[in-house]
Amino acid sequence: MAGTEKLKLREVLEEIEMSRTAFYRLRARGKAPKLIKLPNGQLRCRRSDLDAWWAKHEMSA
């Protein structure tokens, strides 16, 4: 969708205050925010997906 902000993995890691290693472990368990793989191999996360992930984890805390 046009106008949807896409964050670089580095930006996501900074926001959730998590190391890349810990993030990939979380991702392997299917518990990380949804990522998009670009044709050049880079990863992005939609702002809406990250916000939804935050909301889900705030409720369970």
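User: In this predicted model, which residue in β3 is the bridge partner of Leu 7?

Analyst: A bridge table is read residue by residue, and then strand by strand. In this structure, Leu 7 has Cys 45 as its bridge partner in β3. At the level of strands, β1 and β3 run antiparallel and are joined by three bridges.

User: How many bridges pair β2 with β3, and which residue in β3 is the partner of Ile 36?

Analyst: β2 pairs with β3, residues 43–46, in the antiparallel sense over two bridges. Ile 36 is bridged to Arg 44 of β3.

User: What is the order of the strands in the sheet?

Analyst: The pairings are combined into an order. Here the order is β1-β3-β2, an open sheet of three strands with antiparallel pairing. Because β1 (6–8) and β2 (36–37) each have a single partner strand, they stand at the edges, and one side of each lacks a neighbour in the sheet.

User: How are side chains arranged along a regular strand?

Analyst: In general, the side chains of a regular strand alternate between the two faces of the sheet.

User: What connects β2 and β3, and which residue in the turn has a positive phi?

Analyst: The two strands form a hairpin, with five residues between them. Within that turn, Gly 41 has a positive phi of about 95°.

User: Where does helix α1 lie relative to the strands?

Analyst: A helix is placed by the strands it lies across and by the angle of its axis. Helix α1, residues 9–16, lies across β1 and β3 and runs at about 85° to β1.

User: How are α1 and α2 oriented to each other, and why is that term used?

Analyst: The crossing angle decides the term, and 65 to 115 degrees counts as roughly perpendicular. The axes of α1 and α2 (residues 20–28) cross at roughly 95° and come within 10 Å; the two helices are therefore roughly perpendicular to each other. The contact residues comprise six nonpolar, no polar and one charged.

User: Which residues of α1 and α2 meet?

Analyst: From α1, Leu 9, Val 12, Leu 13 and Ile 16 take part; from α2, Arg 20, Phe 23 and Tyr 24.

User: Is Arg 10 buried, partly exposed or exposed?

Analyst: Relative accessible area gives the class, with buried under 20% and exposed over 50%. Arg 10, in helix α1, has a value of 44%, so Arg 10 is partly exposed. The C-alpha atoms of Arg 10 and Arg 20 are 8.3 Å apart, with 10 residues of separation along the chain.

Definitions and conventions: Residues are numbered from 1 along each chain as its sequence is written. This is a predicted model: local features need pLDDT of at least 70, side-chain atom pairs count only at pLDDT 80 or more; totals for chains, interfaces and linings use all residues. Side-chain values use heavy atoms; hydrogens and water are left out. Two strands pair if DSSP finds at least two bridges between them. Helices (H or I, at least four residues) and strands (E, at least two) are DSSP runs, numbered from the N terminus. Contact means heavy atoms within 4.5 Å. Axes are lines fitted to C-alpha atoms, for helices over the stretch in contact, and angles run from 0 to 180 degrees between N-to-C directions. Buried means under 20% relative accessible area, exposed over 50%, partly exposed in between (1.4 Å probe, protein chains only). Angles under 35 degrees count as roughly parallel, over 145 as roughly antiparallel, 65 to 115 as roughly perpendicular and the rest as oblique. Ala, Val, Leu, Ile, Met, Phe, Trp, Tyr, Cys and Pro count as nonpolar, Asp, Glu, Lys and Arg as charged, and the others, Gly among them, as polar.
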